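Biologist: I am new to this structure, and I would like to go through it with you slowly. Could you show it to me before I start asking?

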Amino acid sequence: MDNNYNNKACLCSSIENSIDEEISDFVQELYIKIEEIAKKELYFIEINRLIIPKENYLFLFDFLDSLLNSFIKIDYEIETPLIKKLYQDIKLIQKLHHNYKDIHLDMYQIFNKRFLHYSNILRYLKRNLTDQKTRDDYKKLKLLYYEKFLNQLEYKRKENSMMLLSVLNSKIFYFDRLIWKEANKSFKIEKYLDIIGIQYSVNSKEYLGFRLKDEINSKNYLYLEKCLRVYK
Amino acid sequence: MNSVTPYTKEEIREFLKITDDAYQDEQSISLRKLMTVKDRIDIFKGIEAEELKAIIYDLKFIKYNFGDTIIKQNEISSEIFFIITGVCKVIHNGKEVGVLKSKDIFGEAGAIFEIKRNATVRCASNDVTLLSFCIDNNNMEFCADSLAILYKNLAFQINHKLQELNYHYSIKGHI
């Protein structure tokens, strides 16, 4: 009796492992490109000992984007090749992350349209639905697969999403500092800042502090205030 | 799918220069001061220094004198205060209802629940030194765990105050 029970338990655990492996391989393949980019970028950050700030720079990008545009209008030379590259990188990773989030809008579709064709076990069982019992077993197994599929997909989604956001946060951090590094070198921008009443050699923190005084009644106020918090 | 842009050695050097500058500048005097007192403040227990810097803002060390009003009842503000030195009185509807001393915090209910101040707090001694700060809830992406610890510590403080009140009223009831 005990032996029989042990054999069954062993078989169940071996089936569970096969299911987990099959799903894991699928999820890995599904996100291979995104994971490759995220890991490559993180490796670049790590090997060069660059900063991934704990502060959330993600929502600052709109402010920095419009700041850079207004500076370019005054002095187009401030947009150095490095700033351009970094800008394109940020845009690309933002797009990747956005599309990546969309992939998850319909996990059931991915499961039904892609995974069911991918899974050797489920495909085999589907071909051999001979009676009610095999049909019921197939349904039960499909449900078990789906639960595990959702868990693994969600875990991977969070992991990859976090990697992409960390990379983005780091890039926006450097983008911010590069803009001001170039702006503080520009005579034309110095003059512009002087005219609007900001002392030369500033950074986003000082600039935002100044802008906030002027925008108390503007609809931008809350956003700019939120941006200023990042700089403490 | 495009890959992100590779960077030249010169560009990487530029990033490194920014990294060095970033480590040297920015950290305000208040933040540096906070790191020296961080371990004495219960509500910051269990939070790493880097993360603590990222989840609070408007950090200030303020000195008050006897009779100064720190917060007023019914005002709306999200500042939390920690008493480093000195004694303060808590006044509700014109009546003194409690005393706060070194290591006590106040203002946390207003900050968490975004409600009006429950009471006025006034200095009851000279040279009251306070640490005030606000919580930055916009940093869920990178510091969710630390924010959770901070809120847990604040909830613990509120619970502690409620227990003290219960004790106070139960004694009064017996008398």
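Biologist: Which exposed residues does the face of α2(A) turned away from its buried side carry?

Modeller: In this predicted model, that face carries A:I32, A:E36, A:Y43, A:E46 and A:I47, and they are called exposed because 12 or fewer other C-beta atoms lie within 10 Å of the C-beta atom of an exposed residue.

Biologist: Which residues of α2(A) are buried, and what puts them on the same side of α2(A)?

Modeller: The buried ones are A:I34, A:I37, A:A38 and A:E41, and because they cover an arc of only 95 degrees around the axis, they lie on the same side of α2(A).

Biologist: How do you know what span to expect for helix α2 of chain A?

Modeller: The expected span is 1.5 Å times one less than the number of residues; helix α2 of chain A, residues 32–47, has 16 residues and reaches 22 Å from its first C-alpha to its last, which is close to the 22 Å expected.

Biologist: What makes a residue of chain A count as in contact with chain B, and how many residues of chain A are in contact with how many of chain B?

Modeller: Two residues are in contact if their C-beta atoms lie within 7 Å, and on that basis 25 residues of chain A are in contact with 28 residues of chain B. On the side of chain A that touches chain B, α4(A) gives the most, with six residues, and the residues of that side divide into ten nonpolar, four polar and eleven charged.

How values were computed: Residues numbered from 1 in each chain as written. Chains lettered and ligands numbered in written order. Predicted model: local features only at pLDDT ≥ 70, side-chain atom pairs only at ≥ 80, totals over all residues. Helix = DSSP H or I, 4+ residues; strand = E, 2+ residues; numbered from the N terminus. Buried ≥ 20, exposed ≤ 12 C-beta atoms within 10 Å, placed from the backbone. Arc of directions from axis to C-beta. Nonpolar A, V, L, I, M, F, W, Y, C, P; charged D, E, K, R; others polar.
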